[in-house]
Amino acid sequence: MLRFKLPPRLSSSRVWALLLAVLVAAPLACALAHADRPGTVVEIHGLKSRFLSTTPDVTVWLPPGYRKDDRRYAVLYMNDGQNLFDPAAAFGGHAWGVDKVVARLMAAGTIHPTIVVGIANLGADRAGQYTPQAVYERLPDPVKRHLKKDVPGHPFADDYLRFLVQELKPLIDRRYRTNPGRDSTFIMGSSMGALISLYAVAEYPDVFGGAGCMSPHWPLLLPTGAGLPMAGDHPMFELEVSNAFTAYLRQRLGPPDNRRIWFDHGTKSLDAYYSPYQRRINRELTSLGWRRGIDFQSKVYAGATHNEESWGARLADPLTFLLPAKSAR
């Protein structure tokens, strides 16, 4: 609630002008509670940024009991925020149901008390927003030329992460009772949103304590109606793209240092292409000192496909790995 102490001779018209100026200058936040959904959702629109000309809408989910206690919460930042809570806003009309899964795990004492911050994708600019920039720079020119056919312009993932780390995270930490440290700050996404989550942990090792990478779209190529562009029986540029990711991780990821990363994928639709890439990533992390099952996990879900319903159905697994309650560590 905004409270004003008025000077004695300030006219009513001047009061309304000042109030309007405050509302225009501040991002619009609206808290919503739904009878059939746990917790409270706060929508934030119109954020200003030094790094992005168009800023994504942000959805903050506060778990049940947040308004009644005084404890501090871990924060999970999630990409593709419009797909997390509301089926009406989600791609394909099916949301992950993140609020229900997190509330259930919290009530069972399985995970640490957690606030979820959903960051929307920028629609037609989603690929540019989520393509790891330093990986892209390592690609041979023929691969870049092919990617530009589908995604004109240059990836701006570095600026997106600057917005997240330097502008959005401080705002969330000011407004809500968070544990702002690295060990309580995580990031998660699926498909291209998984790639930017991995990139965030590598680029900001002092900010993010872990990443959930569900069905990471390692090939980078956009699918056609028949699937990915192919070269024989492999996705086009499979070796070149794999080399770029492993070279980047070798240079930037470093040892685990108490960080955790979750990888997974299914076996149907786009997910059916991912195993060769993921095996190389697993080997690279192992060579850097990451222990599978402890510092990172890599799972295959037979029969799972590449959509929000599949990701929501197995969401409890990465959450339990990344955010275990102290009693479960």
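## The largest cavity

The largest cavity in this predicted model has a volume of about 150 Å³, and a search of the whole structure finds two cavities of 30 Å³ or more. Its lining is made up of 15 residues, and those that lie nearest the centre of the largest cavity are Ala127, Thr131, Tyr136, Leu147 and Val151. Two elements, α3 (126–130) and α5 (141–150), give two or more residues to this lining, with α5 giving the most, three residues.

Sorted by class, the residues that line the largest cavity are nine nonpolar, four polar and two charged.

## The second largest cavity

The second largest cavity holds about 40 Å³ of space, and the residues that line it are Pro132, Val135, Leu195, Leu198, Tyr199, Phe245, Tyr248 and Leu249. At least two residues of this lining are supplied by each of the helices α7 (192–203) and α8 (238–252).

In terms of class, the lining of the second largest cavity consists of eight nonpolar residues, with no polar and no charged ones.

## The largest pocket

About 570 Å³ of space lies in the largest pocket, which is lined by 23 residues, the closest to its centre being Phe91, Arg126, Ser191, His306 and Glu308. The elements that contribute two or more residues to the lining of this pocket are α3 and α10 (308–313), and the largest share, three residues, comes from α10.

Divided by class, the lining of the largest pocket has nine nonpolar, ten polar and four charged residues. The helix α3 is thus named for the largest pocket and also for the largest cavity, where α3 again gives two or more residues to the lining.

## Helix α6

Helix α6 covers residues 157–175, and because each residue should add 1.5 Å, its 19 residues should span 27 Å; the C-alpha atoms at its ends are 25 Å apart, which agrees with that expectation. The helix also has a kink of about 35 degrees at Leu168, a position shortly before the proline Pro170.

As for burial, the residues of α6 that are buried are Ala157, Tyr160, Leu161, Phe163, Leu164, Val165, Glu167, Leu168, Lys169, Leu171 and Ile172. Leu168 is therefore both a buried residue of α6 and the site of its kink, while the buried residues also include the charged side chains Glu167 and Lys169.

How values were computed:
Residues numbered from 1 in each chain as written. Predicted model: local features only at pLDDT ≥ 70, side-chain atom pairs only at ≥ 80, totals over all residues. Heavy atoms only, no water. 1 Å grid on protein atoms, 1.4 Å probe; cavity = no way out; pocket = protein on both sides within 12 Å on 5 of 7 lines; lining within 4 Å. Points joined across faces, edges and corners; volume = space filled by probe spheres on them. Helix = DSSP H or I, 4+ residues; strand = E, 2+ residues; numbered from the N terminus. Expected span 1.5 Å × (residues − 1). Bend = angle between axes of the 7 residues up to and from the residue. Buried < 20%, exposed > 50% of the residue type's maximum accessible area, 1.4 Å probe, protein only.
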